[in-house]
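Hello,

I am handing over a structure for you to look at. Please open it first, then read the notes underneath.

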Amino acid sequence: MKVSVDPDVCDARGQCAVVDSELFTLDEEGFSDIGEGKPVPPGKEDVAEQGVEICPVQALSIDE
């Protein structure tokens, strides 16, 4: 499983980082900097799904 961000949609609300700041890292301005296809560590699949679901602008996605 991998997680990606669309940088054109992310508006730096940071809700994903509240779920897990190690998986959903932010840059110095608060925008997601996970890029495209960041591997989700084993056992963190549910956390990744929660972070994607909580994004109010739907900037995140799961890639199987």
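Below is what was found, going from the sheet to the helix that lies on it, then to two loop residues and a cavity.

Please keep in mind that this is a predicted model.

The sheet. It is open and has 3 strands, in the order E2-E1-E3, with antiparallel pairing. Strand E2 (38–39) and strand E3 (60–63) are the edge strands, each pairing on one side only. Strand E1 covers residues 2–5 and runs antiparallel to E3, to which 4 bridges join it. If you want a place to start looking, Val5 stands opposite Leu60 in E3.

The helix. Helix H2 is made up of residues 45–54 and lies across E1 and E3. Its direction is at about 145° to that of E3. Which residues of H2 are buried? They are Ala48, Gly51 and Val52. These residues are on the same side of H2, because the arc they cover around the axis is only 100°. The general background is that an α-helix has 3.6 residues a turn, so residues three or four places apart point the same way. On the other side of H2, Asp46 and Glu53 are exposed. What lies over the buried residues of H2? The cover includes E1 and E3, and also helix H1 (15–19).

Two loop residues. Ala12 and Gln58 are worth finding in the viewer. Ala12 is not a glycine, yet its phi is positive, at about 65°. It belongs to the loop between E1 and H1. With a relative accessible area of 25%, Ala12 is partly exposed. Gln58 is not a glycine either, and has a positive phi of about 55°. Its place is the loop between H2 and E3. Is Gln58 buried or exposed? Its relative accessibility is 68%, and the cut-off for exposed is over 50%, so Gln58 counts as exposed.

The cavity. How many cavities of 30 Å³ or more does the structure hold? There is 1, and the volume of the largest cavity is about 110 Å³. It is lined by 16 residues. Those closest to its centre are Cys10, Arg13, Gly14, Cys16 and Cys55. In general, empty space of this kind is found by rolling a probe the size of a water molecule over the atoms.

Regards

How values were computed: Residues numbered from 1 in each chain as written. Predicted model: local features only at pLDDT ≥ 70, side-chain atom pairs only at ≥ 80, totals over all residues. Heavy atoms only, no water. Pairing = 2+ DSSP bridges. Contact = heavy atoms within 4.5 Å. Axes fitted to C-alpha atoms, helices over the stretch in contact; angles between N-to-C directions. Buried < 20%, exposed > 50% of the residue type's maximum accessible area, 1.4 Å probe, protein only. Arc of directions from axis to C-beta. 1 Å grid on protein atoms, 1.4 Å probe; cavity = no way out; pocket = protein on both sides within 12 Å on 5 of 7 lines; lining within 4 Å. Points joined across faces, edges and corners; volume = space filled by probe spheres on them.
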